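Me: Got a minute to go through a model with me? Here it is.

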Amino acid sequence: MTTRAYSICRRCASVYPEGRRCPACENDHEAGREVAAASAHAVEVGRGGGRPRGRPGPVLLVAGVVALSLLTGLGMIALALI
């Protein structure tokens, strides 16, 4: 994994790799391609995160058991008051 430094243009606030020129103001097309590739890579890495879908997690299972026990307790109280 490499660390890249980026600069921000003072005129138009575009982001570009350090050591290159602004892709918007200076027409540095290579800098624009590098920023686009880095952005696409970041989006792909971001999409891969998270918990895989499938079985509910243990937190959901515990929450369901607690909710069921509370409803059962309320039902018992209601029967006792009748």
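What follows is a short chat about this predicted model.

Reply: Sure. It's predicted, so local features need pLDDT of at least 70 and side-chain atom pairs pLDDT 80 or more, while totals for chains, interfaces and linings use all residues. Residues are numbered from 1 along each chain as its sequence is written, and side-chain values use heavy atoms, with hydrogens and water left out.

Me: What order do the elements run in from the N terminus?

Reply: β-β-α-α, going by DSSP runs: helices are H or I with at least four residues, strands E with at least two, numbered from the N terminus.

Me: How much of the protein counts as buried?

Reply: 11% of the 82 residues. Buried means under 20% relative accessible area, exposed over 50%, partly exposed in between (1.4 Å probe, protein chains only).

Me: Switching to cysteines: how many disulfides?

Reply: Zero, with a disulfide being a pair of cysteine sulfur atoms within 2.5 Å.

Me: Why is C9 not bonded?

Reply: Because its closest cysteine sulfur, in C22, is 3.7 Å away, too far for a bond. C25 is in no disulfide either, with the sulfur of C12 nearest at 3.5 Å.

Me: And are those two buried or exposed?

Reply: C9 is buried, at 9% relative accessible area; C25 is partly exposed, at 30%.

Me: Last one: where is L81?

Reply: In helix α2, residues 58–81. L81 counts as exposed, because its relative accessibility is 71%.
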